Amino acid sequence: MEDFKILQLLDKSRFLYNKIGIDYGLMRKILQVKLTMDEHRVPTFYNQSAGKKNEDQKYGYIKSLWFYVLISLIFIPFMGFGENYLFQISITYAVLIFMIMTTMISDFSTVLLDVRDKSILSTKPIDPRTVNAAKFMHILIYLTYLTIALTAIPLVVGLFRQGILFFLITIVELILINIFIVVLTALLYIAILRFFDGEKLKDAINYVQIGLSLFLMVGYQVLIRSFELVDFTMAVELHWWSIFLIPMWFAAPYELLLNGDGALFTIIFSMLAITMPIISIWLYIKLIPTFERNLQKLLSTSKSKREKRSHLKEMLLSLICRTSEERAFYRFSSLMMKQERDFKLKVYPSLGFAFIAPFIFIFNSMRIDKIDFSVSMGYINIYFSMLIIPTAVLMLSHSAKYKAAWIYQVFPLTDYTDLKKGSLKAFLLKLYIPLYVVLSIVFYFMYGTRILPDLAVVLFASCLYTIICYIGFGSNVPFTKPNNEIGDAQSWKIFIFMIIAAIMAGIHYFMASKITYGSIIYLVVLAILNFVVWKIAFRGGKK
Amino acid sequence: MNEQEVLMIANLTKSYGNKEILKGVNLSVTRGEIIGYIGPNGAGKSTTIKIILGMEGDYGGEVRLFGENIEQDSIEYKRRIGYVPEIADVYDNLTGYEYLTFIGQLYGLNLDIAANKSQALMELFGVGEAYHARISSYSKGMRQKLLIISSLLHNPDILFLDEPINGLDANSVMIFKEILAQLAAQGKTIFYSSHLMDVVEKISSRIILLHDGKVAADGTFEQLQAASTGGTLEAIFNQLTDFHNYKEIGEQFVAVVQEV
């Protein structure tokens with residue numbers, strides 16, 4: 001097993017642990033095993049780019065940090081310039097705390113919630129305090145990496161522009177913030193586990209992961225524009241209710257020490273910045289036994305919930321799916337899309353992005369010149385929402401539970417076309433059409449009634465595009481392939497499919513702008529093509 | 001051909017690469033039999049079952065189920081089979097209700113019938129309260145019960161069970177044994193594969209022992225007893241699979257444990 005540099009660094013503070021009664025040698029061994037295991041894991045952010053082969057996993061986490069270094073550039077103006085600390089530093093810490101907290105939840109919840117620890121480590125002659133210290137240090141090591149990535153460059157700029165005191169305050173506060181975040185997350189979990197069961201907690205974590213991925217996708221777009229929005233002269237005053245704004249606590253010491261602002265609120269907030277992390281860690285140590293007890297909930301059966309079935313839905317469904325096998329698979333696929341956390345993590349952020357993308361491009365062109373919405377062709381941007389289709393269709397044939405597909409071989413199924421059709425229809429109706437409908441309504445109000453035929457064209461184009469993507473990815477039986485089989489080849493295909501979408505949009509643009517009734521003609525052509533291609537794709541026959 | 005014959009396997013061979021797993025298995029099973037299908041690890045038990053279920057192709061010999069060669073009609077016969085695999089992955093992000101109705105529908109049951117049936121069976125098996133909970137939160141025994149129910153939803157004529165009572169408590173095992181006896185009395189055929197010799201000894205009407213890719217013994221427990229010197233099925237098993245040195249291995253094992 002490899003000896004990690006960070007552990008050798010940690011060795012220097014060995015006496016500290018021994019002093020508070022923690023067996024440092026044992027803790028170090030536990031940490032070493034955990035860090036080794038982590039090298040086989042890939043962080044959320046990497047899951048996003050579906051192509052990565054996992055051969056070069058070593059230091060995978062460290063590599064992913066480059067992305068955060070990029071994000072850290074946003075802090076430079078806030079930390080490096082100006083003396084309106086309360087405002088600048090509050091903003092900086094608000095973003096920083098958000099980033100660290102979401103990463104903590106999405107990537108390190110597994111560490112906090114590891115129930116294996118209980119069965120493996122608690123049965124060995126180890127003091128529980130040592131186990132918990134190892135857990136805490138494990139997370140803290142990663143958060144330290146992350147914090148360094150996020151603050152190193154702005155901090156150096158700050159050192160030169162704002163002086164050594166600024167630098168020192170920031171270092172101390174960053175340490176406090178990190179401790180505070182770990183404890184806060186743990187307390188949050190304690191609260192959730194106290195009232196809900198483990199499945200709810202896993203769902204909550206999943207949604208945070210989805211949110212983080214979406215934030216990173218959109219944040220990248222906003223980042224570029226953010227510099228224009230910043231107004232350094234903005235005055236911020238402290239009110240009694242600001243006490244609930246955690247980033248403000250951490251901004252107050254700067255005012256106090258660097259600007260010499262001795263107002264009552266500034267002093268109170270500065271005190272909070274130091275005492276709260278310490279109080280929280282004391283509270284956490286107190287609550288650890290409760291936490292450990294409630295962790296067992298992760299292993300227990302979740303509460304039963306019953307879903308209502310509406311007869312109207314059933315009737316509509318039998319119109320959409322003719323055979324009962326197709327209906328069964330339609331239901332199954334809808335449930336998988338709704339409940340499989342891996343699928344959600346990979347597809348839902350793109351779904352959110354697909355919703356935002358058209359607007360980003362419309363606003364981009366708005367900045368260049370004024371748009372007259374009554375004649376503009378800007379609605380063509382709605383094609384950007386089709387970006388979701390290749391990703392989702394690809395993910396539809398994969399599953400974390402691909403081994404469960406043994407049931408298909410046992411079933412008396414003549415061929416799999418009904419299954420494939422059912423799942424594609426489920427994707428269109430449950431994920432794509434809702435997105436499309438909402439976008440269409442917004443576009444309808446922006447551009448007026450005249451674009452209704454064009455919106456219809458987009459719907460037909462999407463259906464055609466879905467089936468093209470599906471054939472392109474090899475017409476797999478849904479949910480039967482392992483997730484890690486998604487390789488570079490597939491990523492390239494996604495890229496090619498995007499070109500196809502662009503061509504579809506291009507034809508649409510040409511038809512609508514150059515030919516009278518062009519949209520209507522295109523609509524009819526697409527309708528016929530749809531009918532033909534769906535028929536050909538599912539002509540029956542084995543597999 | 002015998003009217004009562006449900007399953008007939010003639011000279012079945014199967015290899016993976018150079019490795020021959022099945023070296024000519026012959027057997028015939030009639031209605032209402034409970035076959036205890038035993039053998040050491042790697043003897044080819046699961047492979048035989050997978051071939052019969054159509055999960056493995058490319059074999060030599062002939063397999064006839066209900067009088068039909070399974071290669072002839074490779075789909076319809078599956079409607080009459082129920083299967084509980086030893087290591088069963090399930091889509092465990094679904095609830096019991098969602099999974100079971102899905103399975104039922106793919107066997108051609110109507111949604112309501114599948115829902116009612118699976119709920120009733122879950123309740124009878126003492127796991128009714130978990131019916132609408134996610135399978136990922138099930139205990140091992142609950143999961144096993146779910147699998148057993150999913151193999152029976154469509155009222156199959158022949159059942160292939162691979163270590164079906166794994167994780168079930170003693171009371172549930174009693175219920176399950178009773179279910180098997182009742183099913184057999186109604187003319188269903190049960191293929192029961194397990195390493196628990198005492199269970200196999202008690203429930204089987206006939207025992208087939210597979211060793212080294214061939215049938216090493218085939219008959220009722222009494223017939224097997226008569227043909228060998230051992231008293232229990234475990235002893236017969238040891239004898240037929242040529243395994244005698246368990247004492248020496250055990251001694252050596254303990255000796256290594258004591259080295260510190």
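This passage walks through the domains, cores, helices and unusual loop residues of the structure. The structure is a predicted model, in which local features need pLDDT of at least 70 and side-chain atom pairs count only at pLDDT 80 or more, while totals for chains, interfaces and linings use all residues. Residues are numbered from 1 along each chain as its sequence is written, and chains are lettered from A and ligands numbered from 1 in the order in which they are written.

Chain A is a good place to begin. Its domain assignment, with bounds from an automatic or database source, gives domain 1 (66–299) and domain 2 (311–537). The centres of these domains of chain A, taken over C-alpha atoms, are 38 Å apart. Nine residues of domain 1 of chain A are in contact with nine of domain 2, where contact requires C-beta atoms, placed from the backbone, within 7 Å.

Next come the nonpolar cores. A core is a set of buried Ala, Val, Leu, Ile, Met, Phe, Trp, Tyr and Cys residues joined through C-beta atoms within 7 Å; a residue is buried if 20 or more other C-beta atoms lie within 10 Å of its own, exposed if 12 or fewer, and partly exposed in between, with C-beta atoms placed from the backbone. In the largest core, of 132 residues, A:Ala392, A:Val393, A:Phe427, A:Tyr465 and B:Phe191 touch the most other members. Helix H19 (residues 417–447) of chain A gives the most to this core, with 11 residues; helices (H or I, at least four residues) and strands (E, at least two) are DSSP runs numbered from the N terminus. Beyond its neighbours within four places in sequence, A:Phe427 has contacts that include A:Met337, A:Ala392, A:Val393 and A:Leu396. The last three of these are among the buried residues of H17(A), a helix spanning residues 388–396 in which nine of nine residues are buried.

Helix H9 (residues 128–162) of chain A is not straight. Its end C-alpha atoms are only 44 Å apart, short of the 51 Å expected for its 35 residues, the expected span being 1.5 Å times one less than the number of residues. H9(A) bends by about 50° at A:Thr151, with A:Pro154 following within four residues; the bend is the angle between axes fitted to the seven residues ending there and the seven starting there.

Most residues other than glycine have a negative phi. In chain B, however, B:Glu163 has a positive phi near 45°, and this residue sits in the loop between strand S7 (158–162) and helix H5 (170–185). B:Glu163 is partly exposed, with 18 other C-beta atoms within 10 Å.

Technical notes: Contact = placed C-beta atoms within 7 Å.
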